[in-house]
Amino acid sequence: MNPILTIFARPRDTMKGLLASCPWYSVPLLGALWGIVQALSVAQRRNLGNDFSNLQIVGFAILVGAFLGLAKTYGGAVAFWGLSRAVGGNGSLRDTRIAIAWGEVPHVAMLVFWPFLIIVSGQHAFAKPTDLDSANFLGVLLLLPFMIAKLVASIWAIVASVNCLMVAHDVSGFRAFCAFSLGWIVLVLCLIASIVPLVLWLGP
């Protein structure tokens with residue numbers, strides 16, 4: 001079976017197979033795609049469609065999102081690896097990268113829906129409707145089920161990631177969850193630490 005499909009229903013069994021035989025290109029590919037999905041989501045939450053065209057937003061997501069996704073997959077894996085080892089894990093950095101990349105497949109799967117949403121919703125895919133008389137009501141109505149799908153994907157990505165870390169480091173679910181949660185806290189703190197000096201340097 002294709003691990004892209006089995007990771008949803010049997011993440012631990014899938015992870016065991018991936019540790020034994022994982023295509024070398026899958027980790028950077030999934031990392032880049034995850035970054036693109038996150039960049040599109042940020043653009044939607046920030047209503048960037050009010051100031052930029054869909055083409056500009058998608059182009060930005062592909063270039064910047066892919067880069068940040070790779071940074072998270074490879075750089076962030078160091079944090080997840082160290083914390084997993086701290087809670088008793090014995091997996092390698094390679095195993096951790098595989099777990100982090102493949103655990104995000106539920107998020108990556110949202111790429112299937114983004115083109116459809118952009119085509120049907122038009123500029124409303126990334127913008128808050130300000131003129132209801134001219135709004136594409138079908139596109140706006142599609143946003144609700146899309147948001148629900150994003151929520152489900154986010155929850156399942158956490159479930160898949162924790163299960164993948166469990167297998168990669170041979171630890172309990174609780175320890176894997178602790179390593180996963182703390183890993184994200186470390187990543188967020190590192191992001192803040194890198195942004196604050198830039199903001200202070202640029203000034204008000």
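**View 1. Surroundings of His169 in the predicted model.** In this predicted model, His169 touches Trp81, Ser84, Arg85, Gly89, Asn90, Gly91 and Thr96, when residues up to four places away in sequence are left out of the count. His169 itself is found in helix 8, which covers residues 137-169. Among the residues it touches is Gly91, whose backbone nitrogen lies 3.0 Å from a polar atom of the His169 side chain. The relative accessible area of His169 is 0%, and because buried means under 20%, His169 counts as buried.

**View 2. The largest pocket and its lining.** The volume of the largest pocket is about 600 Å³, and of the 21 residues that line this pocket, Trp34, Leu68, Gly69, Lys72 and Leu191 are the closest to its centre. At least two lining residues are supplied by each of helix 3 (26-45), helix 4 (54-86) and helix 9 (173-202), and helix 4 gives the largest share, with nine residues. By residue type, the lining is made up of 14 nonpolar residues, six polar residues and one charged residue.

**View 3. The two sides of helix 2.** Within helix 2, which spans residues 11-20, the residues Pro11, Thr14, Met15 and Leu18 are buried. These four cover an arc of only 100 degrees around the axis, and therefore lie on the same side of helix 2. An α-helix has 3.6 residues a turn, so residues three or four places apart point the same way. On the other side of helix 2, by contrast, Lys16 and Ala20 are exposed.

Notes. Residues numbered from 1 in each chain as written. Predicted model: local features only at pLDDT ≥ 70, side-chain atom pairs only at ≥ 80, totals over all residues. Heavy atoms only, no water. 1 Å grid on protein atoms, 1.4 Å probe; cavity = no way out; pocket = protein on both sides within 12 Å on 5 of 7 lines; lining within 4 Å. Points joined across faces, edges and corners; volume = space filled by probe spheres on them. Nonpolar A, V, L, I, M, F, W, Y, C, P; charged D, E, K, R; others polar. Buried < 20%, exposed > 50% of the residue type's maximum accessible area, 1.4 Å probe, protein only. Polar contact = N/O pair within 3.5 Å; in protein donor to acceptor, adjacent residues only side chain to side chain. Contact = heavy atoms within 4.5 Å. Arc of directions from axis to C-beta.
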